[in-house]
Amino acid sequence: LSAAERGREQAQAADREAQQQIETARRDGQAIVAQAQTVAQRLQEEGRQQAQQQADALLERARNEIQLERDNAIAELRKEFAGLTIDAAEKVIGQSLDRAAHQRLIEQALSESTFREN
């Protein structure tokens with residue numbers, strides 16, 4: 001009977017130890033899953049931030065290109081307007097005008113007008 005009692009106690013002790021090992025493994029597994037989730041969230045946030053930075057950089061580049069195109073278009077319009085004005089004045093008075101002097105006058109008039117670059 002005593003051997004049977006010792007066997008039962010050893011079996012119970014082995015069962016308790018197995019349960020403790022299972023519980024320890026469960027806690028370790030949960031800790032690993034929690035760490036993996038934390039890493040995944042951090043990587044996701046870093047990806048979002050990087051994507052936002054790239055989008056901001058593209059938007060800034062596009063704005064700069066638009067501003068440059070706008071400035072070029074305004075400069076081209078000013079040149080064309082000056083040339084047309086001189087041509088019109090030459091036709092009206094029927095003689096050739098001093099283009100350089102008229103160009104200066106037109107540029108001055110444009111700079112004083114409401115047709116300015118913003």
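In this predicted model, the side chains of Arg26 and Glu23 are joined by a salt bridge, with an N to O distance of 2.8 Å. Arg26 is placed in helix H1. Because Arg26 and Glu23 are 3 residues apart in helix H1, about one helical turn separates them. The pairing also appears among the polar contacts, where the side chain of Arg26 meets the side chain of Glu23 at 2.8 Å.

The accessibility of the two partners can be considered next. Arg26 has a relative accessibility of 44% and therefore counts as partly exposed, a class that lies between the buried limit of under 20% and the exposed limit of over 50%. Glu23, with a relative accessible area of 32%, is likewise partly exposed.

A second pair is found in helix H1, which spans residues 2-93. Here the side chains of Arg8 and Glu5 form a salt bridge, with 1.9 Å from N to O. Arg8 and Glu5 are 3 residues apart in the helix, so they are separated by about one helical turn. The relative accessible area of Arg8 is 43%, which means that Arg8 is partly exposed. Glu5 is also partly exposed, at 31% relative accessibility.

A third pair consists of Glu45 and Arg48, whose closest N and O atoms lie 2.8 Å apart in a salt bridge. Both residues belong to helix H1, and their separation of 3 residues corresponds to about one turn of the helix. Glu45 has a relative accessible area of 35% and is partly exposed. Arg48 is partly exposed as well, with a relative accessible area of 48%. Salt bridges also form a network: through shared partners, Glu23, Arg26 and Arg27 are linked into one such group. Arg26, with which this account began, is thus a member of that network as well as a partner of Glu23 in the pair already described.

These pairs may now be set within the whole protein. The count of salt bridges comes to 6, including the one between Arg26 and Glu23, the one between Arg8 and Glu5, and the one between Glu45 and Arg48. The secondary structure comprises 2 helices and 0 strands; helix H1, residues 2-93, is one of these helices. Of the 118 residues in the protein, 8% are buried. The accessible surface amounts to about 9900 Å², and carbon and sulfur atoms account for 54% of this area.

How values were computed
Residues numbered from 1 in each chain as written. Predicted model: local features only at pLDDT ≥ 70, side-chain atom pairs only at ≥ 80, totals over all residues. Heavy atoms only, no water. Salt bridge = Lys/Arg side-chain N within 4 Å of Asp/Glu carboxyl O. Helix = DSSP H or I, 4+ residues; strand = E, 2+ residues; numbered from the N terminus. Buried < 20%, exposed > 50% of the residue type's maximum accessible area, 1.4 Å probe, protein only. Areas by Shrake-Rupley, 256 points an atom, 1.4 Å probe, with all protein chains shown as cover. Polar contact = N/O pair within 3.5 Å; in protein donor to acceptor, adjacent residues only side chain to side chain.
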